[in-house]
Each structure stands twice: as structure tokens, then as C-alpha cells.
Amino acid sequence: MQPKNPLDWMLSEALDSLTRAERLRQQFGRQEACWEPPIDVLETEHELLILVALPGVNPDNVETVIHDGALVISGQRTLPPELRNARIHRLELPQGRFERRIALPLGRYAISRFVMDGCVALRLAKS
């Protein structure tokens, strides 16, 4: 029997720890930690255009609401099921829940969404 590869063992232990921590978080109902996707915000006379870098996230699973004068963009990125048991060599794209809040100028907005080059694009038409 060959000895365990130390790197494989450390990664396995780290993933087990994360799984235990997630179970505890769910059990005690604590607020889930989240990451913030990078954005670009552009404004014209008639609209705000917001590009949110979310490669690998289905745009239909991205929630957008205006709350207390801010646009709140939220959702979750998870590994595809077929990759969940794969050996991870590098994982640089953040996983899990994300949320981004953007303060908006006063006014009323009609929100539309489209996909553009790996970004979820939000068009906020000024009214």
C-alpha cells in the first residue's frame, strides 16, 4: 500500500472542514459569507449600464432588486455536479453566494438584463 500524497490529504482535510462548517452554518442559521463580483458602471443621458463579471453563472439565476436606493445583485456560483469529485489543482474563480450593492442616483428605473461576453449586463432605463 502506497503512502498518501500529502497534498491530496491536505486538500481532502480542507474540503471536509469546509463541509462541516457549512453544516454548522445551516444548523445555526447564520448569515452566509459571500463574495463580490467585479463590475463596470456606465451612464448615458437615458440609462445606466452595469456589467457584472459572472462567468459560469446562469443569468436566470442572478437576482436583481432595488432596495433602499441601491441595486442589489445576488446569486450563487457552484461547481458543476460532474466536477464536484474532481481533484482540484487550482480554484481561482470564487464559489458560493455572491452579492453586490450599487448605490443609485435618485430616480425610477426599468431593469432589463442580457448576457455579454461572460458578463451579466443590466440596463437601467431612467424614467
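The following conversation asks how several descriptions of this predicted model are justified.

Reader: What should I know about the model before we start?

Author: This is a predicted model, in which local features need pLDDT of at least 70 and side-chain atom pairs count only at pLDDT 80 or more, while totals for chains, interfaces and linings use all residues. Residues are numbered from 1 along each chain as its sequence is written, and side-chain values use heavy atoms, with hydrogens and water left out.

Reader: How do you know which elements the protein has?

Author: Helices (H or I, at least four residues) and strands (E, at least two) are DSSP runs, numbered from the N terminus. Counted in that way, the protein has 1 helix and 7 strands, and from the N terminus on they run α-β-β-β-β-β-β-β.

Reader: Why is Leu106 called exposed, and Leu11 partly exposed?

Author: A residue is buried under 20% relative accessible area, exposed over 50%, and partly exposed in between, with a 1.4 Å probe and protein chains only. Leu106, in the loop between E5 and strand E6 (109–116), has a relative accessible area of 87%, and is therefore exposed. Leu11, in helix H1 (residues 6–28), has 34%, so Leu11 is partly exposed. Of the 127 residues of the protein, 24% count as buried.

Reader: What makes Leu7, Trp9, Met10 and Leu11 a nonpolar surface patch?

Author: Patches are made of residues with over 30% relative accessible area and no salt bridge (a side-chain nitrogen of Lys or Arg within 4 Å of a carboxyl oxygen of Asp or Glu), where like charges are joined within 9 Å and nonpolar side chains (Val, Leu, Ile, Met, Phe, Trp, Tyr) within 5 Å. Leu11, with its 34%, passes the area cut-off. Together the four residues make a patch of about 400 Å², an area that comes from the Shrake-Rupley method, in which only the protein chains shown count as cover for residues.

Reader: How do you know that E3 and E4 pair?

Author: Two strands pair if DSSP finds at least two bridges between them. E3 and strand E4 (residues 70–77) have 5 bridges, in the antiparallel sense, so they count as paired. Thr64, for example, stands opposite Ile73 in E4.

Reader: What makes E3 and E5 edge strands?

Author: The open sheet of 3 strands has the order E3-E4-E5, with antiparallel pairing. Strand E3 (63–67) and strand E5 (96–103) are its edge strands, as each pairs on one side only.

Notes: Accessible areas come from the Shrake-Rupley method with a 1.4 Å probe; for residues, only the protein chains shown count as cover.
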